[in-house]
Amino acid sequence: MLNATLNYKQEVDENLLIIKVKPDTPIPFKPGQYIALGLFGSSPRKEGYPPDPEKVLPDKLIKRSYSIASSPEENTLLEFYIAIVREGIFSPRLAALKEGERLHIGRRAVGTFTLEDVPADAPLLLIATGTGVAPYISMLRYSKTWDRKAPITLLHGVRYPNHLAYHKELQELAKARENFSYYPIVSRGNSEWKGHKGHIQDLFKNGVITPLPEHHIFLCGNPSMVEDLTKYFTAKGFKVHKKREPGNLHLEKYW
């Protein structure tokens, strides 16, 4: 049942982790997909965290799904950017896990929040809050994404500057790729933060970003942000994408 090893663990802050998991068998996936991670109820919670909010049986396999941040070209080591819910039953156990220890990973990755149905010549507007940036990191790390020559723009909203876990990587990518732009925005930044301040929605209200009719827009993260911007974009004529009813507004709600 435990079929993977925690290979790497980085604490972005006390409630945010980047981890890399090595499955016993490589798992193919598409950029934007997610997969389940699991631990038994007998696994300890991180010290100092609240107790379980409900009774958890020791032999119960607790599972939660997370978007993959690594490239499909690196399917032997899967990366995740994870928010720890201190009162939850799974993530406090994951926070206590040490490098080299074992955990469960699902047999396959799933999800339709991918670029598969997006025309190759369509400009992309990728919008995320918090750990919702993970599927975009996977897309941007995948070499085949750059067969696209149309503009790709990433907007990432967080509370504090240190929550921009991929900031340096994305800045370097923006310098290296002429068709890629990166707009981080911080809602509770200190005086040292010189970038955009506020919420994702402010980038549109203030005219920093203007959506074009030909854009394919992706929304991932806080459900309130996804809901607000879904209303904003549908009012401008964008259509929510569904498998049987293709559109140009792609949604992925977290938690």
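Hi everyone, let's start with one residue: glutamate 79 is buried, at 6% relative accessibility. Please keep in mind throughout that this is a predicted model. Glutamate 79 sits in strand 5, which covers residues 78–83. And what is glutamate 79 in contact with, once we leave aside its neighbours within four places in sequence? The list is Ile18, Ile19, Lys20, Ser67, Ile68, Ala69, Ser70, Arg141 and Tyr166.

Now let's step back to the whole chain. The domain assignment gives two domains, domain 1 (4–105) and domain 2 (124–253). Their C-alpha centres are 25 Å apart. Where they meet, 19 residues of domain 1 are in contact with 16 residues of domain 2.

That brings me to the nonpolar cores. The largest one has 32 residues, and the members that touch the most others are Tyr136, Leu140, Leu154, Phe180 and Phe218. Several elements give two or more residues to this core: strand 2 (16–23), strand 7 (124–129), helix 2 (134–141), strand 8 (152–158), helix 3 (167–176), strand 9 (180–186) and strand 11 (216–221). Which of them gives the largest share? That is helix 2, with five residues. Because domain 1 and domain 2 both contribute residues, this core lies between them.

There is also a second, separate core, made of 27 residues, and Val21, Tyr49, Leu78 and Phe80 are among them.

Back in the largest core, have a look at phenylalanine 180 on your screens. Setting aside neighbours within four places in sequence, phenylalanine 180 is in contact with Leu140, Trp146, Ile152, Leu154, Leu170, Leu173 and Ala174.

Let's stay with helix 2 for a while. Seven of its eight residues are buried, so helix 2 is largely enclosed by the rest of the structure. Those buried residues are Ala134, Pro135, Tyr136, Ile137, Ser138, Met139 and Leu140.

How does helix 2 pack against helix 3? The angle is about 40°, and the axes are 12 Å apart. With that angle, helix 2 counts as oblique to helix 3. On the helix 2 side, the contact is made by Ile137, Leu140 and Arg141, and on the helix 3 side by Glu169, Leu170 and Leu173. The crossing of the two helices is left-handed. You may remember Arg141 from the start of this talk, as one of the contacts of glutamate 79.

One more residue of helix 2 deserves a moment, and that is methionine 139. Is methionine 139 buried or exposed? Its relative accessible area is 1%, so methionine 139 is buried. Apart from neighbours within four places in sequence, methionine 139 is in contact with Pro31, Gly32, Phe113, Thr114, Leu115, Thr145 and Phe218. Methionine 139 and serine 70 are 69 residues apart in sequence, and their C-alpha atoms are 8.3 Å apart in space.

My last stop is threonine 230, in helix 5 (residues 223–235). With a relative accessible area of 15%, threonine 230 is below the 20% cut-off, so threonine 230 counts as buried. Beyond its neighbours within four places in sequence, threonine 230 is in contact with Leu219, Val240, Leu249 and Leu251. The C-alpha atoms of threonine 230 and isoleucine 217 are separated by 9.8 Å, and the two residues are 13 residues apart along the chain.

If you take one picture away, let it be helix 2: seven of its eight residues are buried, and helix 2 gives the largest share of the largest core. Thanks for listening!

Key. Residues numbered from 1 in each chain as written. Predicted model: local features only at pLDDT ≥ 70, side-chain atom pairs only at ≥ 80, totals over all residues. Heavy atoms only, no water. Core = buried A, V, L, I, M, F, W, Y, C linked by side-chain atoms within 4.5 Å. Buried < 20%, exposed > 50% of the residue type's maximum accessible area, 1.4 Å probe, protein only. Helix = DSSP H or I, 4+ residues; strand = E, 2+ residues; numbered from the N terminus. Domains from an automatic or database assignment. Contact = heavy atoms within 4.5 Å. Axes fitted to C-alpha atoms, helices over the stretch in contact; angles between N-to-C directions. Parallel < 35°, antiparallel > 145°, perpendicular 65-115°, else oblique. Left-handed = near helix turned anticlockwise from the far one by under 90°.
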